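Good morning, and thank you for the time on today's agenda. I would like to introduce a structure that is new to this group.

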Amino acid sequence: MKRVIAGGNCRRYVSSSVAPTPAWAARENGQGLGVVPVEWRRLMSTAAEPSPSSAVVEKKNNGAVVTEKGGKDDVIVSSYWGISRPKVAREDGTEWPWNCFMPWETYRADLSIDLSKHHVPKTFTDKVAYRTVKLLRIPTDVFFQRRYGCRAMMLETVAAVPGMVGGMLLHLRSLRKFQQSGGWIKALLEEAENERMHLMTMVELVQPKWYERLLVLTVQGVFFNAFFVLYVLSPKLAHRIVGYLEEEAIHSYTEYLKDIDGGAIENVPAPAIAIDYWRLPKNATLKDVITVIRADEAHHRDVNHFASDIHFQGKELREAPAPVGYH
């Protein structure tokens with residue numbers, strides 16, 4: 001018999017009979033995994049529903065709720081909301097190991113995307129954005145040189161900020177003005193999440209040193225506040241800067257791949273988190289991971305340049321629906 005205690009504001013997961021739902025929808029560039037996940041069922045009662053096959057007993061322990069269930073491997077975690085967390089499996093039937101993302105959030109990257117596309121700066125705003133990104137690259141080149149793993153780690157900590165800032169500000173604007181967002185809130189937040197998963201993958205490959213972690217804290221603190229102010233003042237300029245940042249990311253990952261092909265960087269096996277997130281083959285390598293990350297960056301490039309173009313045309317993002325299947 002196992003027991004799990006969850007007190008205060010923690011959630012309570014209770015046992016319940018749940019019916020399977022249809023297989024999750026395939027992403028634009030990939031197909032569903034073919035697995036039918038168990039339905040996430042929200043119960044309106046704060047009490048657990050006892051199963052016919054086992055007894056459930058709840059006790060109070062200093063304000064916490066202790067839920068016990070008989071059975072060899074049965075564990076029930078209780079909370080106020082009463083949300084049942086199902087056991088999720090991969091396509092081959094093995095247990096899904098990740099809590100940071102679910103199988104229906106995975107996808108196959110579009111490797112056919114044009115990597116050479118470049119937005120030629122024409123207006124004064126575009127030139128400011130382009131020159132700003134080029135200047136920002138100078139200290140990065142000096143500090144990291146050809147240590148592309150560490151460079152990618154730093155790049156992703158910065159790249160995950162704009163989508164979150166933009167999505168947050170659009171969300172607040174939608175609330176203030178009682179207007180739809182045209183899907184852009186979700187698109188930008190998905191961009192931020194995708195960049196964060198890039199970082200989680202790179203951390204598995206490159207263990208950052210203490211001074212690199214300190215640099216991340218410093219850069220993120222400065223960049224978040226600067227980008228927040230910039231987005232409030234000029235969303236057009238903000239999206240254009242992100243578009244050019246993504247162009248630089250494509251260049252950096254291309255150089256990364258050259259060093260892997262040239263033998264300067266060992267082509268180690270891909271981390272497990274990358275294999276599941278991008279639906280890579282089990283024998284995938286570092287080269288495969290960098291290839292799909294580069295394709296993601298190319299997509300982010302196109303979306304942010306498109307968003308900047310919308311503002312250039314005097315429109316708001318809600319007037320031009322966001323691209324479907326953001327990844």
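I shall begin with the overall layout and then turn to particular regions and residues.

Please keep in mind throughout that this is a predicted model. The protein has 327 residues, and 45% of them are buried. Its secondary structure comprises three strands and seven helices. Read from the N terminus, the order is β-β-β-α-α-α-α-α-α-α. Among contacts with a separation of 6 or more, 74% join residues that are 24 or more positions apart. The exposed area comes to about 17600 Å², and carbon and sulfur atoms supply 58% of that area.

Next, the annotation. An unreviewed UniProt entry lists residues 153–172 and 214–233 under "transmembrane region". What does the model show over these spans? Residues 153–172 are 100% helix and 0% strand, with the end C-alpha atoms 30 Å apart. Residues 214–233 are likewise 100% helix and 0% strand, and there the end C-alpha atoms lie 29 Å apart.

I turn now to the aromatic residues. The whole structure contains eleven aromatic pairs. One of them joins W96 and F101: the ring centres are 5.4 Å apart and the planes meet at 90°, so this pair is classed as edge-to-face. Both W96 and F101 are buried. These two residues also belong to an aromatic cluster, together with W98, Y107, Y277 and W278.

Another pair is formed by W210 and Y211. Their ring centres are 5.8 Å apart with the planes at 90°, so this pair too is edge-to-face. Are these residues buried or exposed? W210 has 66% relative accessibility and therefore counts as exposed, while Y211, at 34%, counts as partly exposed.

W210 lies in helix 4, and this brings us to the surface. F143, W210, Y211, L214 and L217 make a nonpolar surface patch of about 580 Å². Which element gives the most to this patch? The answer is helix 4, residues 210–233, with four residues.

Let me also point out a residue in helix 1, which covers residues 124–144: this is R131. R131 counts as exposed because its relative accessibility is 56%. In sequence, R131 is 110 residues away from I241, yet the two C-alpha atoms are 9.3 Å apart in space.

Finally, a remark on the backbone. Most residues other than glycine have a negative phi. Two residues deserve attention in this respect. F178, which is not a glycine, has a positive phi of about 55°. F178 sits in the loop between helix 2 (148–177) and helix 3 (184–205). With 77% relative accessibility, F178 counts as exposed.

The other residue is R279, whose phi is also positive, near 55°. R279 is located in the loop between helix 6 (272–277) and helix 7 (286–312). Is R279 buried or exposed? At 10% relative accessibility, R279 counts as buried, whereas F178 counts as exposed.

To close, I would ask you to look again at two places in the model. One is the aromatic cluster that includes W96 and F101; the other is the nonpolar patch to which helix 4 gives the most. Thank you for your attention.

Definitions and conventions: Residues are numbered from 1 along each chain as its sequence is written. This is a predicted model: local features need pLDDT of at least 70, side-chain atom pairs count only at pLDDT 80 or more; totals for chains, interfaces and linings use all residues. Side-chain values use heavy atoms; hydrogens and water are left out. UniProt positions are given in the numbering used here, feature names are shortened, and annotations may be inferred rather than shown by experiment. Helices (H or I, at least four residues) and strands (E, at least two) are DSSP runs, numbered from the N terminus. Rings of Phe, Tyr and Trp (its six-membered ring) pair if their centres lie within 6.5 Å; planes under 30 degrees apart count as stacked, over 60 as edge-to-face and the rest as tilted. Buried means under 20% relative accessible area, exposed over 50%, partly exposed in between (1.4 Å probe, protein chains only). Contact means heavy atoms within 4.5 Å. Accessible areas come from the Shrake-Rupley method with a 1.4 Å probe; for residues, only the protein chains shown count as cover. Patches are made of residues with over 30% relative accessible area and no salt bridge: like charges are joined within 9 Å, nonpolar side chains (Val, Leu, Ile, Met, Phe, Trp, Tyr) within 5 Å. A salt bridge is a side-chain nitrogen of Lys or Arg within 4 Å of a carboxyl oxygen of Asp or Glu.
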